[in-house]
Amino acid sequence: TLNYSFRITFFCFFVNIHSVSVVYFLQWCYNEPDIVKGVFFMGKEVKTNAMRMLDKHHIRYDMIQYECDEFIDGLHTAQATGAPVEQSFKTLVAKGKSGGYYVFVIPIAEEVDLKAAARSVGEKSVEMIHVKDITKITGYVRGGCSPLGMKKPYPVVFDASAGEFEEIYVSGGRIGLTLKVPLADLLKVTGGKLADIIMKTE
């Protein structure tokens with residue numbers, strides 16, 4: 001395998017010589033895409049705030065990337081990553097009657113019970129924030145909102161069903177990225193708690 005210093009030298013050699021050799025360089029790029037990627041990105045992973053937060057606390061996690069350029073719902077995300085649906089959780093943000101913001105993490109196939117959610121954080125009521133406000137409030141975009149590493153440390157509540165698993169899947173902080181993280185570590189780093197906050201089927 002070519003090392004990075006050699007790749008860069010090789011790259012600079014080609015781009016600084018006459019145009020005929022540039023043709024050969026482009027052909028080499030086509031035939032060796034992995035090496036070219038290494039030249040430009042130097043093998044470094046571009047990390048999100050969620051990943052940085054876990055790294056800061058020395059928390060182990062698994063990263064799963066999938067092809068996606070725009071918002072897709074949690075069920076389609078699980079299908080793309082192969083993550084178990086019942087173990088996959090989505091992140092919702094709501095505003096309380098007092099004006100405070102709260103983060104609710106629930107199974108992707110379920111709906112939040114706003115009354116139960118309000119009780120879990122000691123509010124009279126809560127309502128979901130508008131989609132257009134997600135980035136302003138969390139620092140993330142719709143479809144890439146993680147309970148980790150938001151702009152501010154909002155109170156976080158995980159649905160009680162998360163307690164059935166040692167690890168759960170949550171957004172990694174950008175579209176196309178999912179993280180599998182031990183639940184105990186998620187609760188610790190977010191200061192979160194477990195509560196029954198989803199709609200119950202009769």
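At 17% relative accessibility, D133 counts as buried, because the cut-off for that label is under 20% relative accessible area. The model is a predicted one, and D133 is a convenient place to enter it. The residue lies in the loop that runs between strand β4 (126-128) and helix α7 (134-138). Two side-chain partners can be listed for D133. One is K132, whose side chain is joined to that of D133 by a polar contact of 3.4 Å. The other is K136, which meets D133 in a salt bridge with an N to O distance of 3.6 Å. The two ends of this salt bridge differ in cover: D133 is buried at 17%, whereas K136 is exposed, with a relative accessible area of 58%.

From this loop it helps to step back to the whole chain. The protein has 202 residues, and buried residues make up 45% of them. Its secondary structure comes to eight helices and eight strands. Of the contacts between residues at least 6 apart in sequence, 62% join residues at least 24 apart. The accessible surface comes to about 12000 Å², and carbon and sulfur atoms account for 54% of that area.

Strand β4, which precedes the loop of D133, leads to the next group of strands. β4 runs antiparallel to β2, and three bridges join the two. Within this pairing, K95 stands opposite E127 of β4. Strand β2 covers residues 89-96 and is mostly covered, with six of its eight residues buried. β2 is also joined to β3 (residues 101-107), again in the antiparallel sense, through seven bridges. In that pairing T91 is placed opposite V105 of β3. β2 and β3 form a hairpin with four residues between the strands, and G99 in this hairpin takes a positive phi near 105 degrees. When following side chains along such strands, one general point is useful: in a regular strand the side chains alternate between the two faces of the sheet.

A separate description applies to the sheet that contains β1. This is an open sheet of three strands in the order β1-β7-β6, with antiparallel pairing. β1 and β6 (167-171) stand at the edges with a single partner strand each, so one side of each has no neighbour in the sheet. On average, neighbouring strands of this sheet are turned by 25 degrees against each other, direction ignored. The antiparallel pairing of β1 with β7 extends over four bridges. One reference point in it is I64, whose bridge partner in β7 is T178. Helix α4 (residues 49-56) packs on the sheet and touches β1 and β7, its direction making about 25 degrees with that of β7. Helix α8 (residues 183-190) also packs on the sheet, where it touches β6 and β7, and its direction makes about 95 degrees with that of β7.

Charged side chains also connect parts of this region. Side chains of opposite charge can pair when their charged atoms come close. Which strands are linked by the pair of K180 and D62? The side chains of these two residues meet in a salt bridge of 3.6 Å, N to O. K180 belongs to strand β7 (residues 177-182) and D62 to strand β1 (residues 62-65), so the pair links distant parts of the chain, 118 residues apart. K180 is buried, with a relative accessible area of 19%, while D62 is partly exposed at 32%. The value for K180 is under the 20% cut-off, and therefore the residue takes the label buried. The K180 and D62 pair is also part of a wider arrangement, in which R60, D62, E167 and K180 are linked in a network of salt bridges.

Another salt bridge is formed by D55 and K47, whose side chains meet at 2.6 Å, N to O. Both of its ends have intermediate cover: D55 is partly exposed at 28% relative accessibility, and K47 is partly exposed at 32%. In the whole structure, the search finds seven salt bridges. Among them are D55 with K47, K180 with D62, and D133 with K136, the pair from the loop where this account began.

Note on methods: Residues numbered from 1 in each chain as written. Predicted model: local features only at pLDDT ≥ 70, side-chain atom pairs only at ≥ 80, totals over all residues. Heavy atoms only, no water. Salt bridge = Lys/Arg side-chain N within 4 Å of Asp/Glu carboxyl O. Buried < 20%, exposed > 50% of the residue type's maximum accessible area, 1.4 Å probe, protein only. Pairing = 2+ DSSP bridges. Axes fitted to C-alpha atoms, helices over the stretch in contact; angles between N-to-C directions. Contact = heavy atoms within 4.5 Å. Polar contact = N/O pair within 3.5 Å; in protein donor to acceptor, adjacent residues only side chain to side chain. Areas by Shrake-Rupley, 256 points an atom, 1.4 Å probe, with all protein chains shown as cover.
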